[in-house]
Amino acid sequence: VHGQGHFHGLRTTGSPGSGLLQHGAGKAEDTFKTSPFHLDLWFYFTLQNWVLDFGRPIAMIILPLEWFPLNKPSAGDYFHMAYNVITPFLLLKLIERSPKTLPRSMVYVSIITFVMGASIHLVGDSVNHRLIFSGYQHHLSVRENPIIRNLKPETLIDSFELLYYYDEYLGHSMWYIPFFLILFIYFTGCFTPAAGQSRMPLAALLLVGPSSLYYWYLVTEGQIFILYIFTFFAMMALVMHQRRKGLVLDSNGLFLFLSFTITLLLIAAWVGWLWNDKILRKKYPGVIYIPEPWAFYTLHMNNLHAAKGSF
């Protein structure tokens, strides 16, 4: 681990004067030290995002139902549990490897909030995806779903709307806000005065595609475009500000910035493709129209599979 000296502020030995000298030395080290590309962490991070996050609902649908009864956790739930442990660990390792001393308290609070939000989402998402086996359609609102709208007493519908709120709103907010905040905090430490360090190795270029595609899925399925675009704009503003100081992005910062840039292009292509879909337009009214991939799947792909099965 390239995290030497990150906790030097916790040491209390030596005189006050020597502590000040150490702090000054630490600042100088923060200013000029550059990290190599963290291929291991970025690879594990991208891999577990695809397998444990994107793969959750796929595993739940593909694996036999008798292995995971509807009154027990699904395979996707176990994927989510693993994600809730591995992701914060990898985020902490990224922060640990930063060449700059970053605000630890903010990082710790963000990680705690992240785990709590992802855990709230685990429960809500588990029930909502299990409802698919009962005929629940994700492209419709809770009250418009055929299996929900005729429930008696009607207060049961309120309970399902509360579950949807925990899944799609509270859980996503407490999960994704600290997630993007941690990535941005890490990004602030990815600048170097050495222009020669501002390029990505081949391995980073190969990882950009899968990384960008995952962020596209995260933003569209999580309905967090505003959070994503604010983070991206903050990155752009920071890059321009640091450039005036003669600092440029290192390989890790370039990887993250390029991933976010390609993500924006993928989102634009996705929205343009589904721009005239009247059914999805009804579910996603308002100025920002970004359909969820799983809503598209339950609306179009399920119907396509059913049509093929009838022949």
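# Notebook: a predicted helical model

I began with Leu41, which is buried at a relative accessible area of 6%. I placed Leu41 in helix 2. This is a predicted model, so I read every value below as computed from it.

**Entry: around Leu91**

I asked how far Leu41 lies from Leu91, C-alpha to C-alpha. The two C-alpha atoms are separated by 8.8 Å, while the residues are 50 apart along the chain. I then looked at Ile182, which sits in helix 6. Ile182 counts as buried, because its relative accessibility is 1% and the cut-off is under 20%. From Ile182 to Leu91 I found 7.4 Å between C-alpha atoms, across 91 residues of sequence. So my notes on Leu91 now hold one partner from helix 2 and one from helix 6.

**Entry: the whole chain**

I stepped back to see the layout. The protein chain has 11 helices and two strands. Reading from the N terminus, I wrote the order down as α-α-α-α-α-α-β-α-α-β-α-α-α. I also looked up the burial for the chain: 44% of its 311 residues count as buried.

**Entry: helix 4 against helix 6**

Next I took up a helix pair. Helix 4 spans residues 104-130 and helix 6 spans residues 155-188. Their axes are 7 Å apart, and the packing angle is about 150 degrees. That angle makes helix 4 roughly antiparallel to helix 6, since the term applies to angles over 145. I noted the handedness too: the crossing of these two helices is left-handed.

**Entry: salt bridges**

How many salt bridges does a search of the whole structure find? It finds nine, and I followed up some of them.

I went to Arg56 and Asp53, whose side chains meet in a salt bridge at 3.0 Å, N to O. Both residues are in helix 2, three residues apart, which means about one helical turn separates them. Is Arg56 buried or exposed? Arg56 counts as buried, with 7% relative accessibility. Asp53 is buried as well, at 2% relative accessible area. I also found Asp125 here, linked with Asp53 and Arg56 in a network of salt bridges.

I then turned to Lys282 and Glu144, which form a salt bridge at 3.9 Å, N to O. Lys282 is in helix 10 (residues 278-283) and Glu144 is in the loop between helix 4 and helix 5, so the pair ties together parts 138 residues apart in sequence. Lys282 is exposed, at 61% relative accessible area. Glu144 counts as partly exposed, at 33% relative accessibility.

One more pair went into the book: Lys152 and Glu154. Their closest N and O atoms are 3.9 Å apart, and the two residues form a salt bridge. Lys152 is exposed, and Glu154 is exposed too. A reminder to myself: side chains of opposite charge can pair when their charged atoms come close.

**Entry: backbone oddities**

Lys152 came up again when I checked the backbone. A cis peptide bond joins Lys152 to Pro153, with omega at about -10 degrees. Pro153 is in the loop between helix 5 (146-149) and helix 6.

Which sign does phi of Gln223 have? Phi of Gln223 is positive, near 55 degrees, and the residue is not glycine. I located Gln223 in the loop between helix 7 (202-222) and helix 8 (225-244). Gln223 is partly exposed, with 34% relative accessibility. Both entries were worth a line, because most residues other than glycine have a negative phi, and most peptide bonds are trans.

**Entry: a nonpolar patch**

I finished on the surface. Which residues form the nonpolar patch there? They are Leu39, Phe43, Tyr44, Leu47 and Val51. Together these five side-chain bearers have about 460 Å² of accessible area. I picked out Leu47, which is in helix 2 (residues 39-62). Leu47 counts as partly exposed because its relative accessibility is 44%. Back in the same notebook page, I set Leu47 beside Leu41: Leu41 also has its place in helix 2, but Leu41 is buried at 6%.

Technical notes:
Residues numbered from 1 in each chain as written. Predicted model: local features only at pLDDT ≥ 70, side-chain atom pairs only at ≥ 80, totals over all residues. Heavy atoms only, no water. Patch = residues over 30% accessible without salt bridge, like charges linked within 9 Å, V, L, I, M, F, W, Y side chains within 5 Å. Areas by Shrake-Rupley, 256 points an atom, 1.4 Å probe, with all protein chains shown as cover. Salt bridge = Lys/Arg side-chain N within 4 Å of Asp/Glu carboxyl O. Helix = DSSP H or I, 4+ residues; strand = E, 2+ residues; numbered from the N terminus. Buried < 20%, exposed > 50% of the residue type's maximum accessible area, 1.4 Å probe, protein only. Axes fitted to C-alpha atoms, helices over the stretch in contact; angles between N-to-C directions. Parallel < 35°, antiparallel > 145°, perpendicular 65-115°, else oblique. Left-handed = near helix turned anticlockwise from the far one by under 90°.
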